There are 2 protein chains.
Amino acid sequence: MKHFLLLIMCASITSTHLFAQTPTAEESNPKRTKYMQGYPPPADKRINARDGSFFEFPALRYSVCHMREFMPTIGVERLNRTPVHCFEYNIDPNIDNLTFTPTGSNDTLTFAESLPINYTDGILILHRGKIIYERYFGELTPERVHAVMSVTKSLTGTLASVLAAEGIIDTAKLVAYYIPELANSGFGDATVRQVMDMTTAIKYSEDYTDPEAEVWKFSAAGNAMIEHPEGTPQGYYDYLPQIVKDGEHGDIFGYRTVNSDVLGWIIARSSGMTVAELMQKVFWSRMGMELDGYYQVDALGTPFAGGGFNAGLRDLARFGEMIRLGGSWRGVQIIPEEAVKDITEGGSAAPFARSTYAKGLPGWSYRNMWWKSNNEDGAFMARGVHGQAIYIDPAAEMVLVRLASSDKASNTLLDPMSLPAYQAVADYLLGK
Amino acid sequence: MKHFLLLIMCASITSTHLFAQTPTAEESNPKRTKYMQGYPPPADKRINARDGSFFEFPALRYSVCHMREFMPTIGVERLNRTPVHCFEYNIDPNIDNLTFTPTGSNDTLTFAESLPINYTDGILILHRGKIIYERYFGELTPERVHAVMSVTKSLTGTLASVLAAEGIIDTAKLVAYYIPELANSGFGDATVRQVMDMTTAIKYSEDYTDPEAEVWKFSAAGNAMIEHPEGTPQGYYDYLPQIVKDGEHGDIFGYRTVNSDVLGWIIARSSGMTVAELMQKVFWSRMGMELDGYYQVDALGTPFAGGGFNAGLRDLARFGEMIRLGGSWRGVQIIPEEAVKDITEGGSAAPFARSTYAKGLPGWSYRNMWWKSNNEDGAFMARGVHGQAIYIDPAAEMVLVRLASSDKASNTLLDPMSLPAYQAVADYLLGK
């Protein structure tokens, strides 16, 4: 049995085929591949979440815009409490022709050329809150949501940051204080802060070549589409207490999805609302969002805080712009400014520098489940494993959102093509 | 293994416990029973769609407002193409105190007293398009959708009626013309008209005490949450061709859900859109709906045309009012008037009179998957198995929508309490 969640979480695969393009974006376009089309779809075009076939490339390129059709989900609804916010447009025709050099390459590419190479499904760039660039490819349209995968972690981290700013969560407290079920687990004596920054020291392998790796059990526990025999975990919260400690918390950044789900659990216990309910209450019902979002849920109804959110391109841009503006949106302070400052100004780069990630992202750090470049622009980002990103460049007053369904389940492989492209736009906006 | 779809389809159970009330509406209120509450829910409060526990009363009272959290679904979205329509209110305080006598009873009840007896979750009455009565109970709120179950059939029938009026479906043609896969099945030589009016003669038992009854196979085929071993149907359209003929088409009304799914198949093949896509295109994106609706889907992505729709109370009222007005809504002819006329004026009562339903609903008939009372008001209705209803009384200029989660999976048991209550309101509005 294949476990699709692996792919959501897998962010450390390395490969020499940096720009391998088989099949290409055009060849793998769902309008050509025709997965799940027809009444009923022919046998060779049927995919599902039970055996993981829906998450294999290129079927993935269809599934990212249809996750709810494959599994149980819970809505994050806009609820019509505020009218839909309409962006102002100030389309800049020069962006397509901006050039950049991919990391480790001698080639020069235009911004437009880079988009199919990274299997972009949608990309939107805001400059000072106005849309200067917006494109849709593949299966995505302005009226569809897309799986953001690990971008979800940054949303979970933001919610925790809000609860901390409001005094509902004390980040210095131990995990066991909020979740007694985790007292005897590897998380028990970690602080909430260490969970938020992913510096917990736990025995938890995401080595997909090892059939005994813990990630398989986590994946199975959270998959609502498979049977859970009695005595086995029925969902995430049945599994997490089984994780044991390995080392000292706080030393090294270790990017493990289970931290996000522990944080989601702390959020639920301390606030009385799941991440899905809070996302709706705090953001989706208050910001003039266009589309209802949703989370995939496990068999116990728990939203997947580590990777299960789905939303529209423009709504993610609204979220990103609110973060860029310190939590303010159209004159309303949606979340406390301290909650954003703790993301942008908090933390230390040392645990990150000790991790394997320092090689590909030198000088970066990780705070409240956001990735911080610590570059001169102060850029920071949310990152999904198939190339999804909310990239915020404060100096350039830019928010860039990209939705993608790359064949490569690894930002390590995607960064060389995407980060220099984002920087090229920022530099252009800065007049460099 | 239990098969919840049975309960959706079961509409012919008889019992002598007409007003059995254990547990009561208040005792079974999800706020008291607390199914799926907690992080995670305790073992005795966990329910799911795989073993059918989510559909057992009283868990059902929770599940009807949370179907998407238990199974894959596809959205029927409002898409912000029109602003939300705001109803005018003209609340009539007299309605609660209207009295009526349940069929076969000597008691007199008030309208308000009847609501918990029938486990009403929400009820809304329009008079001349204005809301004169609106109540929410149990798990339902104005911001939640509710499973409408077999009300879905009438929506499917309406779509077919629209396609017929537009010349896209020829109701005189044989099913095999549209669906070659059904040529050798019991449906092959039935006309589309016979499918729409459920007068097909097929060997299809809905006898739930018979483990060999065909309904079990249909139910299993459509349940996305269970495994489908190779060689067994993976979805509705894999199963329907297996149904064989039994008798002569056209003679007798036989209320069998499979007709609705055959009709959904004909709709998809002839229009190139599933019932979910058409519902969105024709109604949900054009009528100022408040909430996105959705359909449950099988493992092949097929929306359950016989019982899988979920929608908000007010949006169903908007739909009902548009039907009452001959397909017109706020100055726009949403669907051809002929499509509505074919429901309200078409058909013959003879096949219904020959059926077992004639006893409980004397003088009624069935047309385009709507139930027609043929009473002096010309009332007709959509009916769901746990008491859901869209009841349209043209003479009284009334549209009544009720969402419910009764312990009794049978309108035969619910009609004695509900139909006289609806008539009491209609008579009051008519000044009788």
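Two residues are taken to be in contact if their C-beta atoms, placed from the backbone, lie within 7 Å. By this criterion, in the predicted model, 32 residues of chain A are in contact with 32 residues of chain B. Three elements of chain A each supply at least two residues of the side that touches chain B. They are strand E1 (73-76), helix H9 (236-239) and helix H10 (257-271). By class, this side of chain A has 16 nonpolar residues. Eight polar and eight charged residues make up the rest of the list.

Confidence was examined for the complex and for chain A. The predictor gives the complex an ipTM of 0.93. The pTM is 0.94. For chain A, the mean pLDDT is 94. In this chain, 95% of the residues reach 70 or more. Residues 1-20 of chain A, however, have a pLDDT below 50. Beyond near neighbours in sequence, this stretch has 51 contacts in the model.

Cis peptide bonds occur in both chains. In chain A, the bond from A:Phe57 to A:Pro58 is cis, with omega near 5 degrees. A:Pro58 lies in the loop between helix H2 (30-33) and helix H3 (59-63) of chain A. In chain B, a cis peptide bond joins B:Tyr39 and B:Pro40. Here omega is about 0 degrees. B:Pro40 is placed in the loop between helix H2 (30-33) and helix H3 (59-63) of chain B.

Positive phi values were also found in residues other than glycine. A:Lys34 has a phi of about 60 degrees. The loop between H2 and H3 of chain A holds A:Lys34, and A:Pro58 also lies in the loop between these helices. A residue counts as partly exposed when its number of other C-beta atoms within 10 Å falls between the limits of 12 or fewer for exposed and 20 or more for buried. A:Lys34 has 14 C-beta neighbours inside 10 Å and therefore counts as partly exposed.

In chain B, phi of B:Leu79 is near 65 degrees. This residue is found in the loop between strand E1 (73-76) and strand E2 (99-100) of chain B. B:Leu79 is partly exposed because 18 other C-beta atoms lie within 10 Å.

Methods. Residues are numbered from 1 along each chain as its sequence is written. Chains are lettered from A and ligands numbered from 1 in the order in which they are written. This is a predicted model: local features need pLDDT of at least 70, side-chain atom pairs count only at pLDDT 80 or more; totals for chains, interfaces and linings use all residues. pLDDT is the predictor's confidence in each residue, from 0 to 100. Helices (H or I, at least four residues) and strands (E, at least two) are DSSP runs, numbered from the N terminus. Ala, Val, Leu, Ile, Met, Phe, Trp, Tyr, Cys and Pro count as nonpolar, Asp, Glu, Lys and Arg as charged, and the others, Gly among them, as polar.
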